Amino acid sequence: MSASFTTRPEIRGTFGVVSSTHWLASQVAMSVLERGGNAYDAAVAGGFTLQIVEPHLNGPGGEVPILLWSEREQRMRALCGQGPAPALATPAYFRGLGVELVPGIGLLPATVPGAFGAWLTLLRDYGTWELAEVLRPAIDYAREGFPLVPRISQAILAVQALFRDEWTSSRDVWLPDGRVPAPDALFRTPAIAATYTRILDDAHARSTDRRGRIDAALDIWYRGFVADAIDDYYTQAAVRDTTGQRNRGLLRKADLADWRATYDEPLTVQYGRYTVAKCGVWSQGPVHLQQLAMLRHLKLDGLEPTSPQFVHRVAEAAKLAFADRCAWYGDPDFTQVPLAALLSDDYARARAAGIGDHASSEFRPGSPGGLAPRLPDLDAAARTLAASDTRFGVGEPTFAALPPVAEWAAREIFVGDTCQIDVIDRDGNMVAATPSGGWLSSSPVVPGLGFPLTTRLQMTWLDEGVPGQLQPGKRPCTTLSPGLALRDGQPYMAFGTPGGDQQDQWTVAFFLRHAMGMNLQEAIESPSWHIDHFPGSFWPRSLTLNRLTVESRMPSATLDALRAAGHEVKVGPDWSEGRISACTREPAAGGRLLLRAGANPRGMQGYAAGR
């Protein structure tokens, strides 16, 4: 496949590569590599930077799943930074409030914030730098200031009335001097800097070695002053949410104290010469693998990635995989998930055989191993939405309708939800991480800490017996989904994207385009799409069927053919589908590695760096 024009080059080098959703995080991570840190040190430093410079997309009180390749251990591992439901969070409690779904904003949907635990576990077990070194850039940006991308200003603008009238702790942080901060202005979050500085000071006082200081910091966060502040606020404060009432939170210090980030084995599927790896069924990651398993049987070879046949087959496979997500996925510590059957070639072949030339308008979960699917009440969304207060937002992306702002009208602005960072170092160590949660507009700032907490509990159901049912101590099935891939059995690619339910759609199309011969940047920039054919993961869990949203850069003949095939085609802006970051490694002469990276141009903030 001949090279085509791209908005920026595919980065190539031998020393190290980074790609992320914000140029500052990419530069921070690259600077760690330049100063002798490894991929894990760099990813942690970049991840903490993302918390500061993309506060509308993630924060210190959020979560992060991480996939890694260890060159020393010659293996992939998944690290779960998705915290569970509080002990007080039960279906009976929420039904007692008169609701059928966990609200999408406020205090009620909090889980244990897992990002801090996962990042520090990665640093302790695989990194080489001190915690103070990797936190320094984030602390400096929080204390001294960082430039606001326009979307942050719009996020604050959308919920300013809620902050002024109700969530006053958020008002104090995000409305300095009582005004919405202007796009591109330098903005400071000194309370976060103070929280991280206090953790470092206390950890240094407790231990004289690197590992001990990291363990001390974990203890301070989950069992010390951070946990105390969270417990106090979530116990005492009552804040307004989509129920229209003021509710207290359910998260307590005991929930944080009992939690640890944990490792498990990634799930994999083979696609041609590639072995693609995703996090376990506590995430939506296996839907990526299920799609690839079906697409092996749908004769994509020779199809142009912008052809109607290619888009149709990929879209229809996504419909089936996401139906299985709704019917079968859940925390495997609580739910018997028929994973072997779901990922088997026999099941994939049978599912692929049901894909024809016409778009399906049916929601069709399968029966792996002959089991009957278990679905929640998919009509609850309509009833909930009709009875709720949505003036200040919903779930994800959490924002209320944006008021018109003339001076920003010419900017291409999209609503985001999550971040991504991928790193490969000169030795071949690889990290893919998808930080999210703790969005500034979704829950109020915890006083004394300077940041809000995750609202991921909205991704559970109250229905009895379904795999995604809310249970104390159970992880919600997160949409967050980093990826790794081997090629010919050798470690090759780290990749991922923000996008909620779109994550394991955009990355499937990206991966296929790359496997068909496009370089990383070409595969990222190629016109893309997503389907809506499932209950959304975020409040109010609305069910949409047979909608295909396509970038307007897609050929008009493709759009016409997709409509003729029965798809409800919605045409979006030119550059609106996908936020992908990716890095690769491959053997080169002299025993070195050739490293590559590509980054998303959409939204004008993602960046790759390397040399």
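What radius of gyration would a compact globule of 611 residues have, and what value does the protein chain have? For a compact globule with this number of residues the radius of gyration would be near 25 Å, and the protein chain, examined here as a predicted model, has a value of 23 Å, which agrees with that expectation. The C-alpha trace of the chain spans about 65 × 60 × 50 Å along its principal axes. Within these dimensions the chain is arranged into 20 helices and 21 strands.

Of the 611 residues in the protein chain, 66% are buried, and the chain exposes a surface of about 20400 Å², of which carbon and sulfur atoms supply 50%. When contacts with a separation of 6 or more are considered, 74% of them are accounted for by residues 24 or more positions apart. The charged side chains comprise 58 positive and 65 negative ones, and the centres of these two sets lie 1 Å apart.

Several residues illustrate the contacts made across the sequence. Serine 19 is found in strand β2, which covers residues 16–20, and serine 19 is buried because its relative accessible area is 0%, where under 20% is required. A polar atom of the side chain of serine 19 lies 2.7 Å from the backbone oxygen of glycine 598. Glycine 598 also appears in the list of residues that serine 19 touches, once residues up to four places away in sequence are set aside, and this list further includes Ser26, Gln420, Ile421, Asp422, Ser581, Ala582 and Cys583, together with Ala599, Tyr607 and Ala608.

A polar contact between two side chains is found at histidine 530, a residue of strand β16, where the side chain is joined to that of glutamate 577 at a distance of 2.7 Å. Histidine 530 has a relative accessible area of 9% and is therefore buried. Apart from residues up to four places away in sequence, histidine 530 touches Gln502, Gln505 and Trp506, then Arg547, Leu548 and Thr549, and also Glu577, the partner in the polar contact.

The loop between β13 and β14 holds two residues that approach distant parts of the sequence, namely proline 472 and threonine 478. Proline 472 is partly exposed, with a relative accessible area of 34%, whereas threonine 478 is buried, with a value of 1%. Although proline 472 and proline 91 are 381 residues apart along the chain, their C-alpha atoms are separated by 9.4 Å; leaving aside neighbours within four places in sequence, proline 472 is in contact with Ala85, Pro86, Ala87, Ala89, Thr90 and Phe334. For threonine 478, the C-alpha atom is separated by 7.5 Å from that of glutamine 82, and these two residues are 396 residues apart along the chain. Glutamine 82 is also one of the contacts of threonine 478 outside its neighbours within four places, and the others are Trp282, Ser283, Gln284, Arg456 and Met459.

Threonine 390, in the loop between α17 (380–386) and β12 (421–425), is partly exposed at a relative accessible area of 33%. Its C-alpha atom is 8.6 Å from that of aspartate 241, a residue 149 positions away in sequence. Not counting residues up to four places away in sequence, threonine 390 touches Leu385 and Trp539. Tryptophan 539 is in turn joined to proline 540 by a cis peptide bond, with omega at about 10°, and proline 540 is found in the loop between β16 (529–535) and β17 (543–551).

Backbone geometry provides further points of interest. Most peptide bonds are trans, and most residues other than glycine have a negative phi. Aspartate 488, which is not a glycine, has a positive phi of about 55°, and this residue is found in the loop between β14 (483–487) and β15 (490–496). Methionine 604, likewise not a glycine, has a positive phi of about 60° and lies in the loop between β20 (593–598) and β21 (607–610). Aspartate 488 counts as partly exposed because its relative accessibility is 49%, and exposed requires over 50%, whereas methionine 604, at 63%, counts as exposed.

Terms used. Residues are numbered from 1 along each chain as its sequence is written. This is a predicted model: local features need pLDDT of at least 70, side-chain atom pairs count only at pLDDT 80 or more; totals for chains, interfaces and linings use all residues. Side-chain values use heavy atoms; hydrogens and water are left out. Helices (H or I, at least four residues) and strands (E, at least two) are DSSP runs, numbered from the N terminus. The radius of gyration is taken over C-alpha atoms; the globule rule is 2.2 Å times the number of residues to the power 0.38. Buried means under 20% relative accessible area, exposed over 50%, partly exposed in between (1.4 Å probe, protein chains only). Contact means heavy atoms within 4.5 Å. Accessible areas come from the Shrake-Rupley method with a 1.4 Å probe; for residues, only the protein chains shown count as cover. Lys and Arg count as positive and Asp and Glu as negative; His and the chain ends are not counted. The place of a charge is taken as NZ of Lys, CZ of Arg, CG of Asp or CD of Glu. A polar contact is a pair of N or O atoms within 3.5 Å; within protein, one must be able to donate a hydrogen and the other to accept it, and residues adjacent in sequence count only if both atoms are side-chain atoms.
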